[in-house]
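Hello,

Here is the structure I promised to pass on to you. Please open it beside this message and follow along as you read.

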Amino acid sequence: MKVDVLLGLQWGDEGKGKVVDVLTPRYDIVARFQGGPNAGHTLEFEGQKYVLRSIPSGIFQHGQTNIIGNGVVLDPVLFRQEAEELAKSGFDITKTLKISKKAHLIMPTHRLLDAANERAKGGAKIGTTGKGIGPTYTDKVSRNGLRIGDILNNFETRYAEARKRHVAMLASLGAGTDGLDELEKNWLDAVDFLRKFDLIDSEHYINHALDNGKSILCEGAQGTMLDVDFGSYPFVTSSNTICAGACTG
């Protein structure tokens, strides 16, 4: 069995994406194991620049399977933008990318909550990217999250319940929901786009691959010093960016 982990030793921006792309031909599977679209991996080929925020950096090689693991939080709108940009350049990732059904969805209200929470902290604010990542991980840990697999079963009811709860939280913070209807329409369209992909139980897929002698490269986002447990707390991200995160993510 062979699983290698590639992660940053500082606060990110160490060039992980480029290294993953170079190493990918040595592996059968490249799996992203944590983080959200606040991490950008930039690669450049023949003068064309690509910025990947959720999609693993092994997507440009041929034949390898790429996986967005359960430890990732995914914004369907930003994911669709990434995928469509890649398609314009000739990379049809619907055939090579699989997404864990246990990965959590970043909702439009998560973005609003992110901004409201930062405002409420005043001078003690963390300085988040405002993409709703922290509130999504908060929902995950509090067992209120909406997961990729939920789009396959009773999604409308589950989404409405989560939305209602978030709107109440926003009101308690003195924040409104201006622009939510438009954000929501675009988001729901992007959720439908996710149905084009192979949604899997990634833990079973990975273990089956290892049982069959496949090699796996785990791709991390951010860096060690942004780990929620061992980083420069509280100025950290909301997930485990170290090797331990690969075991669960």
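Strand β7, which covers residues 97–100, pairs with β9 in the parallel sense, and three bridges link the two. To find one of these places on screen, go to Ile 99: its bridge partner in β9 is Leu 199. Please keep in mind that this is a predicted model.

Now zoom out to the whole sheet. It is open, has six strands with parallel pairing, and runs in the order β1-β10-β2-β5-β7-β9. Which strands stand at the edges? They are β1 (2–6) and β9 (198–200); each has a single partner strand, so one side of each is left without a neighbour in the sheet. From one strand to the next, the twist averages 25°.

Next, have a look at Gln 34, in the loop between β2 (29–32) and β3 (41–45). Is Gln 34 buried or exposed? Its relative accessible area is 2%, and buried means under 20%, so Gln 34 counts as buried.

What does the side chain of Gln 34 join up with through polar contacts? One such contact, of 3.2 Å, is with the side chain of Gln 222, and another, of 2.9 Å, is with the side chain of Ser 239. If you leave aside the neighbours within four places in sequence, the residues in contact with Gln 34 also include Gly 71, Val 72 and Tyr 137. Gly 220, Ala 221, Asn 240 and Thr 241 are on that list of contacts too.

Enjoy exploring, and write back with any questions!

Best wishes

Definitions and conventions. Residues numbered from 1 in each chain as written. Predicted model: local features only at pLDDT ≥ 70, side-chain atom pairs only at ≥ 80, totals over all residues. Heavy atoms only, no water. Pairing = 2+ DSSP bridges. Helix = DSSP H or I, 4+ residues; strand = E, 2+ residues; numbered from the N terminus. Axes fitted to C-alpha atoms, helices over the stretch in contact; angles between N-to-C directions. Buried < 20%, exposed > 50% of the residue type's maximum accessible area, 1.4 Å probe, protein only. Polar contact = N/O pair within 3.5 Å; in protein donor to acceptor, adjacent residues only side chain to side chain. Contact = heavy atoms within 4.5 Å.
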